[in-house]
Amino acid sequence: MIVDAAAKIGIEVPIYCYHPALGPLGACRMCLVQVEKMPKLVTGCTTPVAEGMVVHTRGPAVDKGRQGILEFLLINHPLDCPVCDKGGECFLQDYTFRYGPPAGRFSESKLERAKDAPISDFILIDQERCVLCQRCVRFLGEYAGEPQLMLKGRGVETVVAPADDRPVTSPFSGNVIDLCPVGALTSAAYRFKARPWNQVRYPSVCPHCPVGCPVTVTAREEHVMRVEGRPIPDRDWGWLCDRGRFGYDFAVHPSRLLTARLEGRPVPEAAALRQVARWLGEVRDRYGAGAVGFVVGGQHTVEDAYHLRRFAETLVGPGVQLAISQRVRGYLPPWLHGTYDDLEAADAVILIGADPYRAVPVLHLKLRQHWRRKPALPRWGVGVRPLGRETLPLRDLVVRPQAMAATLAWALQRAAKDHPAARAVAAGLGAWEPEDPAAAEALGHVLVASERPLLVWDGHDPEVETVLRALASVRGDRPTPVLPGFGPENARGFEWAGFPGGYEALRRLLEQAASGAIRFLAVWGADLMREVPDAGLVEAALARVEYAVFEGLFPPQGGERFGVWLPGAAWAEEAGTWSTLEGRLSPVAEAVAPPGDARPVRSILAGLARALKRPWTPEAWDPMVGTEAGLLPRPQRPEAEDLPSIAAPPPWRLAGDQLYVVAEADVFAQGAPSEILAPRRPAFWGRVHPETWAAFGSGPSGGRLTLEREGRRWTVSVGPDPTVPRGLLFLPIGVAEAPVYQIGEGPVTVAQPLEVRGG
Amino acid sequence: MFKTVKALAKGLGTTFKALTEPRDTIAYPEKRREYAPRFRGKHMLAKDEDGHELCVGCGLCEAVCPANAIRVVAAEAEPGKPISWTDRYSVDYEVDLIRCIFCGMCEEACPTNAVRLTPFNELAAYSRLDMIADKEELLHPPVRK
């Protein structure tokens, strides 16, 4: 298109409706240019460039055309720039200033329309300011596939309005704020907070899910004002989900830890550090460095993890136990880790358990664009519930819980009968067959035969790692890229900083703590009780260790077991580096200062070293060294490995009064609390099939269920969801009110139906 | 001797001549000077005839101020309790009168004619903090314009 060609050589053609990601439309007529040998002005956004074409982007005819368009656009515009949140970064302002007419000739009264009307809990629409470019309509309708905004009315009465007068609920709705070239769609949370010129923009990375979308954080007077998408040319459009866009207020949440606590009492930070140093010194001197354990997680940068490791190695001594907090048991070997380029080039997409829409929403958007471009490619979803959606059609293969790895191993063995790796993993299956052998066989064929498949794994079943290794071995030199749709955030960065990855390392550390071998446990940022799959092991470990220290943003679950709480600096309060879903390091900026007594890890460690009377300063380290423009290096595929075989899953058995609990990542449920996002929190934490709900609960819309296992009881809110298979209860990971890992996955007895909400 | 008397007479002559001439100074603070109507002194924030503030907190004065003397924080008024004539108002408006160079650009930039520089120029205080005029002070200026 002419506008793209002009942009490439640095010539500005004004545009409203055109966006390279959305494609040409030609609705706003702002991009009129003069093409020689064409009788009239043409729209630059719908005219493809051709050999020998001569285009004039300025000149009397073009200027007159632009002036006319702008005069029309401003006829009904209220000219309320001083009270408009877009003022200062508004393309209507800019283009009128640059290309507009000196004065309008329209002296009649202007049409009055809806002003500051909410279209959702986060977005306000001002129809008077709208220039009807339809970017928002097309983004939600075509790009995200959720047509919740539409044009209503004809002619001069055309307005953008929510479809069916229902509020916009798409998790990608916030992007229309960035897309709107004028002040028609504005953020409710940012309303009247600041102006573009009195705040500073910092490039950063979203901390709320493993995707790590590029964002711009804007701050004024030590407060984060808003978060916007940050497009990276040729790599990322800068789309965000609403979790990332509106979840920035966690740093000023009332529950934030702002003072150090010693046995629950607020104490000066120095006193807390002295106490920690006494404990650490005592354990180290008496039992050696092996009795000290460090677990990292939460919103820590790669540099934080590096300082932690160096501190542990130099001041505690070699042999200190390190681990990264994990939310699932699975681990993706770095050599299988794919990139977004692999997605671009993929000729098959297979989701293994992962529902990107819930767990890593922006990856869903990327997968959807891949589907829109190449709809005919094979796309599979293997999960305990159907993973396909209207916005991302898949061929669904629904398996029983616990049968995921077996089904994949069976499929692999069917497609590559002669390969030793495939035979090895399937050796333990015996005569077991998946429920839908034909579909499984077809899936196995896609896995083995496609040239460049892309897999997305939710990490839920650790045995799938074995199947993935076998698959890579079967595929030989052809790549088998896998994108990990599971946390924790920045996990690859922690590994790059020298922490051992994977659930095994964490489990070993916790078992040593539970057995008494580790006597000093410091948890940096992670809320272990809430997020680690084996909550019982965490409980045992915390009960057994002599000294437990917590550093983080919010009081942890089971916090009374930690002798000292240290308030830590949050994301956007400390500069550093962050790793994204594709294993790419990206800088995060320090936009504001940490509040209260909160300190970055390096300050805490320096204080600890002082209290230990040992000279230590955090050493400078550039994590980018050794990466390929930030992309972490992928190790070579190991040569033939001995793979354990997958055992046949136990037969599916569920008593009449039982539900099978399955943990699932949900980006709107997990993570740091946000008051802005409170309306978007799920109404009910648990989800069951409507028939299951009818059997156990009462009331049509959901209520509470009391679950019982081994004498312990939990009451969680549960609602019906038709996509959930019968008998299963999906609970989000990392929610204190529905502690899925304390309840434990697997069958659980429903104690008594109890109606609280409903009707 | 004669020379001395002559010099004395000359000097006193100048003195007595000056006594009868019109004075260049005024007896401040008993008498005050008249300023030109467009003299740029201390700022004020104006209200409209209904008592609503004219300032909507758009921040253009802050943006244009060459001395970075102005700080504006806007907010949304509670429904039914308007503070300015629209639902946006300035919750904080501060002018650092030590930094201010009284150039009048804020007055020129103001889209609602809310901020005005009055002829009042008696700016003195015992502390620097007292020289930062807050919104309350600016809404009640000693001299209006």
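## Exercises on a two-chain predicted model

A:Pro567 sits in strand β23 (residues 564–567) of chain A. Strands here are DSSP runs of E with at least two residues, helices are runs of H or I with at least four, and both are numbered from the N terminus. This is a predicted model: local features need pLDDT of at least 70, side-chain atom pairs count only at pLDDT 80 or more, and totals for chains, interfaces and linings use all residues. Residues are numbered from 1 along each chain as its sequence is written, chains are lettered from A in the order in which they are written, and side-chain values use heavy atoms, with hydrogens and water left out.

**Exercise 1.** Decide whether A:Pro567 is buried or exposed, then find its contacts.

*Solution.* Start with the cut-offs: buried is under 20% relative accessible area, exposed is over 50%, and partly exposed is in between (1.4 Å probe, protein chains only). A:Pro567 has 0% relative accessibility, so it counts as buried. Next, take contacts, meaning heavy atoms within 4.5 Å. Leaving aside neighbours within four places in sequence, the partners of A:Pro567 include A:Leu257, A:Glu269, A:Gly552 and A:Ala598. Finally, check the backbone. The C-alpha atoms of A:Pro567 and A:Ala598 are 4.5 Å apart, although 31 residues separate them along the chain.

**Exercise 2.** Test the span of helix α11 (residues 361–373) of chain A, then judge its burial.

*Solution.* The expected span is 1.5 Å times one less than the number of residues. For the 13 residues of α11 in chain A that gives 18 Å; the end C-alpha atoms are 19 Å apart, which agrees. Now burial. In this helix 10 of the 13 residues are buried, so it is largely enclosed by the rest of the structure. Among them are A:Leu363, A:Lys366 and A:Arg368.

**Exercise 3.** Describe how chain A meets chain B.

*Solution.* First, count contacts: 11 residues of chain A touch 17 residues of chain B. Then take the buried area (accessible area, 1.4 Å probe, that two parts lose on being put together, summed over both). The chains bury about 1,100 Å² between them, 51% of it on carbon and sulfur atoms. A:Pro82, A:Phe192 and A:Trp197 supply 46% of the area that chain A buries against chain B, more than any other three residues. Last, look for salt bridges (a side-chain nitrogen of Lys or Arg within 4 Å of a carboxyl oxygen of Asp or Glu). The rule finds five across the interface. One of them joins B:Glu62 to A:Arg220, with the closest N and O atoms 2.7 Å apart.
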